[in-house]
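Dear colleague,

I am handing over the structure we spoke about, and I would be glad if you could look through it before reading my notes. The sequence and coordinates come directly below.

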Amino acid sequence: MRRLQRETFLERTLKIHHLLPGLAAAFCLASAPVHATPVKWHLVDVTFNDGGSASGYFTYDASTNAISSANIVTTAGSVRGGATYQIGSPAVQPALADFIDQALPVIVGTTDRLDFFLFAAMTDAGGTIGIRQGQEFSCISSGCSFTTGQEAGLNLRVSGGEITTVPEPGSLALLGAAGIALALAKRRRPAP
């Protein structure tokens with residue numbers, strides 16, 4: 001009986017010994033400092049009340065609270081024509097995605113602006129966030145602001161929709177590697 005218990009203990013020790021390199025690697029990866037990278041957000045189902053729509057993407061970095069690499073295109077509707085927004089504001093509020101066309105400084109009556117007020121703040125974790133209200137309009141003042149939404153030349157239109165992130169190839173590769181490791185570990189296990 002004692003010999004059987006020793007063999008069982010020895011077998012357990014050998015099994016743990018095979019797992020140690022994987023556990024050591026997992027510990028090293030888990031204890032490494034995590035550096036969040038900026039996240040690419042995509043517009044989904046953004047339709048304006050005049051029949052136009054918006055599509056495209058922008059990159060948001062929560063550590064600097066800045067939008068970059070924006071490429072958003074709006075299509076024409078009954079209130080206004082379409083526009084292209086390819087630059088982002090240097091800094092934004094985390095619950096607001098704010099874009100202004102390349103005409104800087106603001107040219108009153110010419111510069112277009114696109115804002116998305118979000119239901120939650122953007123983070124580097126990604127996910128899906130609803131758009132509480134999107135609005136596209138022509139700037140009628142140097143501050144690009146308005147009071148009632150009915151001002152002459154404003155050409156305001158509003159939208160809903162959402163923004164969402166798509167997993168990066170690096171994240172997908174990490175998930176794939178974990179799946180392969182689990183499959184190999186299961187394969188090594190001796191049948192009872």
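What follows is an account of confidence, fold, core and ring contacts, in that order.

Please keep in mind throughout that this is a predicted model. The mean pLDDT of the chain is 75, and 59% of its residues reach 70 or more. Among the elements of the chain, strand β2, at residues 46-47, has the highest mean pLDDT, with a value of 94, whereas helix α1, spanning residues 2-31, has the lowest, with 52. Over residues 26-35 pLDDT stays under 50, and for this stretch the model has zero contacts beyond four places in sequence. Where pLDDT is low, the predicted coordinates should not be read in detail.

As to the fold, the secondary structure comes to two helices and ten strands, and the order along the sequence is α-β-β-β-β-β-β-β-β-β-β-α, with a helix at either end of the pattern and the strands in between. Of the contacts in the chain with a separation of 6 or more, 51% join residues that are 24 or more positions apart. The chain has 192 residues, of which 28% count as buried, and its accessible surface comes to about 12,200 Å², with 62% of that belonging to carbon and sulfur atoms.

Turning to the interior, the largest nonpolar core has 22 residues, and those with the most contacts inside it are Trp41, Phe58, Phe99, Phe116, Met122 and Ile163. The elements that give two or more residues to this core are the strands β1 (39-44), β3 (53-61), β4 (66-74), β5 (83-85), β6 (96-100), β7 (112-118) and β8 (128-138).

Which rings pair with each other? The count comes to one aromatic pair, formed by Phe137 and Phe146, which are edge-to-face at 5.0 Å centre to centre, with 75° between the planes. The angle is over 60 degrees, and therefore the pair counts as edge-to-face. The two partners can also be described by their accessibility: Phe137 counts as buried because its relative accessibility is 2%, while Phe146, at 25%, counts as partly exposed.

Two rings also have a charge placed over them. Lys40 lies over the face of Tyr57, at 4.5 Å from the ring centre, and the charged end of Arg157 sits over the ring of Phe48, 4.2 Å from its centre.

With best regards

Technical notes. Residues are numbered from 1 along each chain as its sequence is written. This is a predicted model: local features need pLDDT of at least 70, side-chain atom pairs count only at pLDDT 80 or more; totals for chains, interfaces and linings use all residues. Side-chain values use heavy atoms; hydrogens and water are left out. Rings of Phe, Tyr and Trp (its six-membered ring) pair if their centres lie within 6.5 Å; planes under 30 degrees apart count as stacked, over 60 as edge-to-face and the rest as tilted. Buried means under 20% relative accessible area, exposed over 50%, partly exposed in between (1.4 Å probe, protein chains only). A charge sits over a ring if NZ of Lys or CZ of Arg is within 6 Å of the ring centre and within 35 degrees of the ring normal. pLDDT is the predictor's confidence in each residue, from 0 to 100. Helices (H or I, at least four residues) and strands (E, at least two) are DSSP runs, numbered from the N terminus. Contact means heavy atoms within 4.5 Å. A nonpolar core is a set of buried Ala, Val, Leu, Ile, Met, Phe, Trp, Tyr and Cys residues joined through side-chain atoms within 4.5 Å. Accessible areas come from the Shrake-Rupley method with a 1.4 Å probe; for residues, only the protein chains shown count as cover.
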